[in-house]
Amino acid sequence: MNIAKLHYISQGQTPEEHLHNIQKACTYGAELVQLRLKNTDEKTILKTAEKAREITAHFQTRLIINDHYKIAKAIHADGVHLGKTDACPLEAREYLGKWFIIGGTANTIEDCQNLLSQNVNYIGLGPFRFTNTKENLSPVLGLEGFHSILEDLQSETPIIAIGGIVEQDIPALLQTGIHGIAMSGAITENFNSISTINKLLNASATFEQRH
Ligand code: TZP
Ligand code: MG
């Protein structure tokens, strides 16, 4: 399955602000966005997800729903992202079928192996560095953590780095063997940066193809 190299994770004080930011990310060329609405009731998440689907469909942008696999199916999203305390990927796969993208969160190599055994389509690995975007953050991995986990893992499944990532981190992170990155704060502050980030990430793809 072809997984985009840049994942924009939505942010906002209100559901409307999430939608506004998703619209901006699409306008500036994000290929995949994840609706990550926390501390909100399911009805609001469903309604917001429906609107996010309309926006992303218009731009042919892939839409991933955080946490809620039933909502993801109900609104015809492209996928779901499951954290360690959410439903397990096997249960979600049973419900969603083989065409849905299922991603999972990992903070350690054991988490990665557990997700691989459940055939996820990508692994969100982090946090790369400290970030205020996520509550109850797991220990920071840093570049060293990424090098060590990716070296030991030797997996074909795309690894998406997450947590406090800024544009300047991309070259060094790519050296660890990751497939792509997920960003929230840095993009929300500057949607304009999406095209440069896409270029940085895709330059590595051209390099890989040539060598
Ligand atoms: N999971 C680990 S860190 C994080 C999530 C959802 C937040 C990423 O946001 P930011 O602003 O790019 O650090
Ligand atoms: Mg979750």
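**Exercise 1. In this predicted model, place His-20 in its secondary-structure element and decide whether His-20 is buried, exposed or partly exposed.**

Step 1. His-20 belongs to helix α1.

Step 2. A residue is called buried when 20 or more other C-beta atoms lie within 10 Å of its own, and exposed when there are 12 or fewer, with partly exposed in between.

Step 3. Because His-20 has 14 C-beta neighbours inside 10 Å, it is classed as partly exposed.

Step 4. As a distance for orientation, the C-alpha atoms of His-20 and Ser-10 are 9.4 Å apart, while the two residues are separated by 10 residues along the chain.

**Exercise 2. Check what end-to-end span helix α1 should have, and work out which of its residues are buried.**

Step 1. Helix α1 runs over residues 15-27 and so contains 13 residues.

Step 2. The expected span is 1.5 Å times one less than the number of residues, which gives 18 Å for α1.

Step 3. The end C-alpha atoms of α1 are 18 Å apart, in agreement with the expectation.

Step 4. The buried residues of the helix are His-18, Leu-19, Asn-21, Ile-22, Gln-23, Ala-25 and Cys-26.

Step 5. Just after the helix, Gly-29 adopts a positive phi of about 105°.

**Exercise 3. For Lys-38 and Asn-66, two of the positions under the UniProt annotation "binding site", determine the structural setting of each and its burial.**

Step 1. The annotation, which comes from an unreviewed UniProt entry, covers Gln-34, Leu-35, Arg-36, Leu-37, Lys-38, Asn-66, Thr-105 and Lys-134.

Step 2. Lys-38 sits in the loop that joins β2 (32-35) to α2 (42-59), and it counts as exposed because it has 9 C-beta neighbours inside 10 Å.

Step 3. Asn-66 is part of strand β3 (residues 62-66), and it counts as buried because 22 C-beta neighbours fall inside 10 Å.

Step 4. Leaving aside residues up to four places away in sequence, Asn-66 touches Gln-34, Leu-35, Arg-36 and His-81; of these, Gln-34, Leu-35 and Arg-36 also appear in the annotation.

**Exercise 4. Describe the shell around ligand 1 by its nearest residues and by its chemical classes.**

Step 1. There are 14 residues around ligand 1, and those that come nearest are Thr-131, Thr-133, Gly-163, Ser-184 and Gly-185.

Step 2. Divided by class, the shell holds 6 nonpolar, 7 polar and 1 charged residues.

**Exercise 5. Give the secondary-structure content of the annotated domain.**

Step 1. The unreviewed UniProt entry assigns "domain: Thiamine phosphate synthase/TenI" to residues 13-187.

Step 2. Over residues 13-187 the chain is 42% helix and 18% strand, with its end C-alpha atoms 16 Å apart.

Definitions and conventions:
Residues are numbered from 1 along each chain as its sequence is written. Chains are lettered from A and ligands numbered from 1 in the order in which they are written. This is a predicted model: local features need pLDDT of at least 70, side-chain atom pairs count only at pLDDT 80 or more; totals for chains, interfaces and linings use all residues. A residue is near a molecule or strand if its C-beta atom, placed from the backbone, lies within 6 Å of it. Ala, Val, Leu, Ile, Met, Phe, Trp, Tyr, Cys and Pro count as nonpolar, Asp, Glu, Lys and Arg as charged, and the others, Gly among them, as polar. UniProt positions are given in the numbering used here, feature names are shortened, and annotations may be inferred rather than shown by experiment. Helices (H or I, at least four residues) and strands (E, at least two) are DSSP runs, numbered from the N terminus. Two residues are in contact if their C-beta atoms, placed from the backbone, lie within 7 Å.
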